[in-house]
Amino acid sequence: MKKAIWFTFLAAIAISCLDNPDCFRLNNGEFGINFRVMGFGADNSVLNSATILGTNIIVKSEIPSSIGLPLDPLADSLHYDFTWAGDSTSFLSLGYTSQIQFVSDDCGERHVFGGLTVLYHSFDSISVYSTTPTNPSSVNIQVFRCAKPNLFGLSFKQRVNTTTTKDTLVTIKSITPNFGDPIIFQNADTTKTTVYLPLNKAIDSAEYVFDFGAAGKRTLVMAYDTQEKFWAKESCGTTTLFSTLHVSTRTTLVTDTKDYKLVKSATSDPAILNLEVIPK
Amino acid sequence: MKLSHTIALLLILSLPALGQEKEKSDTAKVKVKPDFRPTGVRIGTDAIALVKSHYDKTFNGWEFNGDVDFHRYYLAVDYGHWARTYLSDGDSSNYANTGNYFRAGVDVNFLKNDPERNMFFVGFRYGVSRFSEQYSVIVADTLWGTYSGTYNNTNVNAHWLELTTGLRVKIWKMIWMGYTARFKFGLSTGSTPVMLPHDVPGYGLAEKDSYWGFNYQIFIRIPFRKLPTVSSEK
């Protein structure tokens, strides 16, 4: 009994002394944005930077498809302008709460942020995943771009031996599909290892005439199935998916089935490589 | 520490007392008549708060404690005051709070057969506090620049729960001493949109979900009537 009493007495004194907070990770003044493509996952579009309106603060994106942005403890809203590769821009206006708290004589104060609210934005769709930033920062807001999986990737190869191929540069003057506008390559921009070509969602095949200049013209005919999806219909309308891609027998770009390889039979956004060909 | 762990700890700590009662009952069965009429009131103060107020320049406080017995159950109340003041060396910031608090609850005495009614108890409290605090600061932020401000929380209400355990021992005639260990949890404070509370009088650091407190108390017991006799049972 005496031992238990002494143990209780000493333990209570020891525990009651442990009231000094540490000064580690006090603030949660940074929130995270994750950029995604509706229905496809991470958006690998290159975000160059974000600037905060009314300040000279420029934040560079260090992680693909994500960025961490600071919150001003003296404000209740901030306007962020995003600059993407190709100089396209978008913006986000964010509201939030900020409370100061005295932590200790040694640590000073901290700011506790919360109540993240999207006031207005220029993205296709946005959702607040978590209203309270954390330290270290994590994803608080997910930004969605409407998917446009209407491009398929074509890579040109040359045969090294019977089993191995490698990328090769091909001179192309133009590619003319049987729908829409032709793709014209000019001046120095005429040699390619890879091209991304649009598919025609109106019908189940697309035909492309490759003009290799002195090497002549060849035809590639792709056949496929289409499927319509309604992801965030209010923002994106109808999204057409392309699947079961295959090379039609009417193709003259290659002479033999051994001269092409279907890598992926469905398109994606961002576009991926679907077909490798060894042009004749 | 998780709440469940703490409850388990308090129960484990109370086992020796329960075990002692079992042993006694095996050797000489003793029975206290279940007389629930109160026999006296005990009024005391927390010595730690008084000593801390004297030696700790940042703290000033006091606490009064009282309980009334109803057989082995005690209605316990505490009323106290504390104020804290922190001044930085360079006067770039200072924090001050002041407030009063009140706790009420029940203790259960596990020393059932003690003729003096000494106590080894486990109990609970419901605590309420009303306090004000002020914080003045000059902040040099590497990103947002230097700024200063004075922030106030005035007449903020807070409440919380406590699990308690401890001792009450008769020292001499009307003089009693004891200690109370408190596990505080479930703190809820009123709306403070600009500044989060730092220190809640009676509870402690507001940022902590649970908190330990400790009192070393000196009491005077004023009897209403004689203690019921403890009779042996054959």
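Student: Which residue in β20(A) stands opposite Glu228(A)?

Tutor: Glu228(A) stands opposite Thr240(A). This is a predicted model, in which local features need pLDDT of at least 70, side-chain atom pairs count only at pLDDT 80 or more, and totals for chains, interfaces and linings use all residues. Residues are numbered from 1 along each chain as its sequence is written, while chains are lettered from A and ligands numbered from 1 in the order in which they are written.

Student: What makes β19 and β20 of chain A a strand pair?

Tutor: Strands are DSSP runs (E, at least two residues), numbered from the N terminus, and two of them pair if DSSP finds at least two bridges between them. Strand β19 (residues 217–229) is joined to β20(A) by 7 bridges, so the criterion is met; the two run antiparallel.

Student: Why are β15 and β20 of chain A said to stand at the edges?

Tutor: The open sheet has the order β15-β14-β18-β19-β20 in chain A, with antiparallel pairing. β15 (183–184) and β20 each have a single partner strand, so one side of each lacks a neighbour in the sheet.

Student: Why is Thr251(A) called buried?

Tutor: A residue is buried if 20 or more other C-beta atoms, placed from the backbone, lie within 10 Å of its own (exposed if 12 or fewer, partly exposed in between). Thr251(A) has 20 such atoms within 10 Å and is therefore buried. Thr251(A) lies in the loop between β20 (239–247) and β21 (260–262) of chain A.

Terms used: Helix = DSSP H or I, 4+ residues; strand = E, 2+ residues; numbered from the N terminus.
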